[in-house]
Amino acid sequence: MIDYAHALNEAQYTAVTIGDGPVLIIAGAGSGKTRTIVYRLAWLVEHGLEPDAMLLLTFTRKAAHEMLHRAGILLQQGLVGIQGGTFHSFAFSTLRRWKPAWLGERPFTLMDAADIVAAVKHCRDTLKLGKGDRSFPKTQSIVGLLSKSRNKELPLDELLRREAYHLLPHATALAQLQMAYADYRRDKGLLDYDDLLFELEALLRTNAAAMAAIRQRYKHVLVDEYQDTNLVQARIVRLLAGADEGQPGNVMVVGDEAQSIYAFRGANVRNILDFPSLFPGCAIIHLEENYRSTKAVLDVANCLLAHAAESFHKRLFTRQQGGAAVRLITAHSDMSQAQLVTQRIRELLDEYQPQEIAVLFRAGFHSYHVELALQQAGIPFRKYGGLRYSEAAHIKDVMAYVRLILNPLDLPAFARLAVQHSGIGPKTVERLYAAAQTGDAALKVFAKFPGFLDDMRFIDELRAKGCDPAATLDAVLERYRPRLEALYPEDWPRRQQGLDEIAHMASAYADLDFFVADLALETPEDDAPTAEEARITLSTVHSAKGLEWNAVLIIDLVEDRFPSRHALARPENFEEERRLMYVACTRARQRLELYVPSSLYNRAAQGNEHVCASPFVRELTSDIVEEWEEGPDGILFKRDDRSRASTREQGDCQLPEDEVDSEPLAPGGQGGTEERNEARAGLGYCRHRIFGRGKIVRQLPPDKVQVHFPGFGLKVILSEYLLLE
DNA sequence: TGTTGCTCCCTTTTT
DNA sequence: GGGAGCAACA
């Protein structure tokens, strides 16, 4: 038997050994949340619950695997049968078992990000929406809006009113697109990420047999990162627990509202706050002691939360005293920042294993310079977040074959293959696709493109053979090889390696459709269990969620980057950036270093552009961070307290609130101003200091100017001297 | 009419 | 580095 009382603190012990019924665990960063879930799984098994009667829903598949693995070790037995994974992967496997009724006999395919973009673009082109209109949003942003409207469950026009006021003139067109895109998926048997969740909910509500079978199977449901669930996910939890039928429900949810960082995709903090009222009689347990970080790290984290608009009534505490001081490092530029980071990592490598070091950043492309510098220094790294592995062109090509084998109606895949043959463009694709559906009339159109006809025959053969995933991938790779060499004469061997990796992964699957779905649902990074050399980690903060390292370096802590410039439009977005910064800092166990470049290289300006330090950094007082600065010779030196005060004044671009005279901007107004005059300025907005980019609309004598901030939907009068640059 | 090639512009976060 | 738009070519 496991000695639970000895292994856990009091609160953790209560959580692990609590009886049936709903439980809410509020777990601060580093408070042993994973440990608690792992022991809970083990405890349930020790107390007679069959492993396959548990459902563990986590934020990434990796997290689920990790927890199941650790619970298995505790119990000294493999935990066969526990269903663990993301909401999306659980939805996929459930829907595969109980297909949505509207599909009839047709197969369905899960779309990946690229398919969704291609589909929406197709709809946009077909409807001829926004042709030649530069103010019409890009396909990518449209995809984001459509998904957001579903995730937040707001009608599109309402969403636009709230979050994209400037797009209101296009509301009708976008609504049209939304419908066309829905029809498109329905016609072709395609599901996007959001469909998975809504179809699962529909299934649980309407298919009594399926519901009964699922309820029969899962006696306990555990949900991790509950603060990042959206409305439909919360309803799914309710349905699974049977709460709608008045049952108490054996459901344990774990989360931390201070770490909610997915509001942008519809996550709703209300879910965790409202849990007690939705599940009456639920037990609430707080895990507050931090076991991860030193006091120096927690001081910084607590300082960030203390400045939050919403109070979290939360301070992390630790018994670990002191620790290395948190360093705040100012570099000349993003280039020299990369050099400093690389140099510092070299030093840290004397002290830590590579896998104990991470560099974190707000957006994927921010790490570009650091990647180069590390490469030159010969320091191996692995990057998470940003551009995905499966989004590489050659991988998409190969997967297009595979998808067509599964679902002949998959238009994005069909188009992808077709346009590779010369002479086939968008119009011909449509004719070919239509012909392919009707059968015999096909040959005439296809005859002009024998290469493509061959492709189709090849696909039909493979479909008829019904090969296993490994054999299918082998056949497709062999066929694709000549094209790969022709397309990428320089680096095809590297790409071939990636393809071989994909083929290897496929061999772990019995069913092709699960393989395709998994590729869309999660980046296959946790591969390489081989004796590969250890690497340091580069990661977006979002992808670093739930992970921890001994040494964490956060880079590009400047305005417009962290917080992201997109977060300036609304105060609540700004608050999410703050929580994101909090998440980033609390990943560190022993060492935390914050890097602030004073300038960023700007290609358009052909030079370095001065940038202000992130407002989050400016909040940190000199008693909790140790300040270092890059000297003219590129060597770091420690700054004394007095010099700090003056640099802070200089870096602070706050505008006194009484200087701001703002009026809401009429929708559609002020489109396409020719003024080349760009201004950066700060203006008081609510209680926050928010900075953005605006255009000078007109000069107002003697010393004021009117500036339009598209991001705010505002025109403001500013004193000229307050403008930077 | 449809395809291909060229240039300009912007670049969040994820299932 | 990729998407969108525009102009030249088949």
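1. For the strand surfaces discussed here, Ala, Val, Leu, Ile, Met, Phe, Trp, Tyr, Cys and Pro count as nonpolar, Asp, Glu, Lys and Arg as charged, and the others, Gly among them, as polar. On that scheme, the residues of the surface near DNA strand C divide into one nonpolar, two polar and two charged, and the residues that surround the strand are Lys121, Gly132, Lys138, Thr139 and Ala393; a residue is near a strand if its C-beta atom, placed from the backbone, lies within 6 Å of it.

2. This is a predicted model, in which local features need pLDDT of at least 70 and side-chain atom pairs count only at pLDDT 80 or more, whereas totals for chains, interfaces and linings use all residues. Residues are numbered from 1 along each chain as its sequence is written, while chains are lettered from A and ligands numbered from 1 in the order in which they are written.

3. DNA strand B is surrounded by 29 residues, the closest being Gly364, Gly385, Gly425, Thr428 and His566, and its surface divides into eight nonpolar, 17 polar and four charged residues. Helix H19 (426-438) and helix H25 (541-544) each supply at least two residues of that surface, with the largest share, three residues, coming from H19; helices (H or I, at least four residues) and strands (E, at least two) are DSSP runs, numbered from the N terminus.

4. Ala436 also lies in helix H19, and it counts as partly exposed because it has 19 C-beta neighbours inside 10 Å; a residue is buried with 20 or more other C-beta atoms within 10 Å of its own, exposed with 12 or fewer, and partly exposed in between, the C-beta atoms being placed from the backbone. Ala436 and Leu409 are 27 residues apart in sequence, and their C-alpha atoms are 9.1 Å apart in space.

5. Of the 725 residues of chain A, 41% count as buried, and the secondary structure of the chain comes to 28 helices and 23 strands.

6. The largest nonpolar core (buried Ala, Val, Leu, Ile, Met, Phe, Trp, Tyr and Cys residues joined through C-beta atoms within 7 Å) has 108 residues, and those with the most contacts inside it are Ile25, Leu41, Met67, Ile236, Val402 and Val516. A second, separate core of 61 residues includes Leu316, Trp549, Leu557 and Leu592.

7. In helix H10 (residues 193-206), the buried residues include Tyr193, Leu196, Leu200 and Leu204.
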